[in-house]
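Here are my notes on the model you sent round. They are short and numbered, so you can check each one against the coordinates.

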Amino acid sequence: MPNPHRRLSDPRELTALAHPVRMAIIELLSISGPLTATELADRLDETPANCSWHLRKLAQYGFVEEAAGGKGRQRPWQVPGLGFRWDDEHASGSLDERRAAQALSEVVMGRAMDRLREAQQRAPEESEEWREAHSSTEMVAWLTADELKEMNDAINAVLDRHVERLTEPEQRPPGSRLCEFVAWGVPTYLPGVEPA
């Protein structure tokens with residue numbers, strides 16, 4: 001399956017997406033399909049007017065579009081594609097692009113950390129099967145730049161393994177649930193630890 005993720009590099013696009021409410025809207029539309037501003041507001045504990053404003057901002061950069069059906073306040077919105085990729089703040093590019101990428105990365109990682117904390121708090125309520133399936137992993141390793149790239153590529157391939165299930169509900173096995181994986185492979189800076 002070809003990579004479905006939209007590549008972002010324009011600082012204006014990155015900045016438009018780097019807002020917690022806008023990111024929440026994108027996430028809900030990606031997972032739940034077309035929703036109206038009112039439906040989004042109910043799920044996000046926001047006002048319909050605020051969601052409408054953010055939807056128009058997202059539409060300005062092609063992140064959302066009107067879906068078929070509905071009129072006025074009852075018109076549903078959808079995402080035209082699945083997911084995004086952008087270079088982080090350390091990549092080559094203009095200073096504006098790097099700053100905007102950093103802001104977007106901070107919003108995305110902050111939201112992921114919030115969901116991790118919620119999952120950890122709710123773990124005692126889960127069935128034994130789901131508690132045993134849950135995992136958190138952290139490790140460090142001495143790698144060359146080529147090895148780091150190879151590992152990141154392999155991890156991304158694993159994470160993309162079931163991407164079609166997001167847009168094709170019939171592909172979801174019975175009993176499946178929405179699960180989140182967050183991974184990064186970066187050089188680590190520890191006091192007194194120098195490159196080999």
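1. Start with the salt bridge between aspartate 153 and lysine 149. In this predicted model, the closest N and O atoms of the pair are 2.8 Å apart. Both residues sit in helix α7, 4 residues apart, which is about one turn of the helix. Aspartate 153 is partly exposed because its relative accessible area is 39%. Lysine 149 has a relative accessible area of 51%, so it counts as exposed. The cut-off for exposed is over 50%.

2. Helix α7 covers residues 145-159 and also holds isoleucine 155. At 34% relative accessibility, isoleucine 155 is classed as partly exposed. Isoleucine 155 belongs to a nonpolar surface patch of about 450 Å². The other members of that patch are Leu143, Met151, Leu159 and Phe181.

3. A second salt bridge joins glutamate 118 to arginine 122, with an N to O distance of 3.1 Å. These two residues are 4 apart in helix α5, so about one helical turn separates them. Both ends are partly exposed: glutamate 118 has 37% relative accessibility, and arginine 122 has 46%.

4. Now look at glutamate 180 and arginine 115. Their side chains form a salt bridge at 2.7 Å, N to O. Where do the two partners lie? Glutamate 180 is in the segment after α7 and arginine 115 is in helix α5, so the bridge ties together parts 65 residues apart in sequence. Glutamate 180 is partly exposed, at 41% relative accessibility. Arginine 115 is partly exposed as well, with a relative accessible area of 29%.

5. That pair belongs to a wider arrangement. Glu27, Arg111, Arg115 and Glu180 are linked in a network of salt bridges. The total count of salt bridges is 8.

6. Helix α5 carries another acidic residue worth a look, glutamate 97. Is glutamate 97 buried or exposed? Its relative accessible area is 14%, so glutamate 97 counts as buried. The cut-off for buried is under 20%. Setting aside residues up to four places away in sequence, glutamate 97 touches Ser9, Pro11 and Leu14.

7. On to the interior. In soluble globular proteins, nonpolar side chains tend to be buried together. The largest nonpolar core here has 27 residues. Which of them touch the most other members? They are Leu17, Ile26, Leu29, Leu40, Leu55, Phe63 and Val64. Two or more core residues come from each of α1 (11-17), α2 (20-32), α3 (37-44), α4 (48-60) and α5 (95-122). Helix α2 gives the largest share, 6 residues.

8. Phenylalanine 63 deserves its own point. It is among the core residues that touch the most other members. Leaving out neighbours within four places in sequence, phenylalanine 63 contacts Arg6, Leu8, Glu13, Ala16, Leu17, Ile26, Leu58, Val79, Pro80 and Phe84. Two of these contacts, Leu17 and Ile26, also appear in the list of core residues touching the most other members.

9. A word on cysteines. How many disulfides are there? The count is 0. Cysteine 51 has 0% relative accessibility, so it counts as buried. Cysteine 179 is partly exposed, at 47% relative accessibility.

10. Next, the overall layout. The chain has 7 helices and 4 strands. From the N terminus, the order of elements is β-α-α-α-α-β-β-β-α-α-α. Along the principal axes, the C-alpha atoms fill a box of roughly 65 × 50 × 35 Å.

11. Last, the totals. Of the 196 residues in the chain, 22% count as buried. The chain exposes about 13800 Å², and carbon and sulfur atoms supply 53% of that area. Among contacts with a separation of 6 or more, 61% are between residues 24 or more positions apart.

Note on methods:
Residues numbered from 1 in each chain as written. Predicted model: local features only at pLDDT ≥ 70, side-chain atom pairs only at ≥ 80, totals over all residues. Heavy atoms only, no water. Patch = residues over 30% accessible without salt bridge, like charges linked within 9 Å, V, L, I, M, F, W, Y side chains within 5 Å. Areas by Shrake-Rupley, 256 points an atom, 1.4 Å probe, with all protein chains shown as cover. Salt bridge = Lys/Arg side-chain N within 4 Å of Asp/Glu carboxyl O. Buried < 20%, exposed > 50% of the residue type's maximum accessible area, 1.4 Å probe, protein only. Core = buried A, V, L, I, M, F, W, Y, C linked by side-chain atoms within 4.5 Å. Contact = heavy atoms within 4.5 Å. Disulfide = S-S within 2.5 Å.
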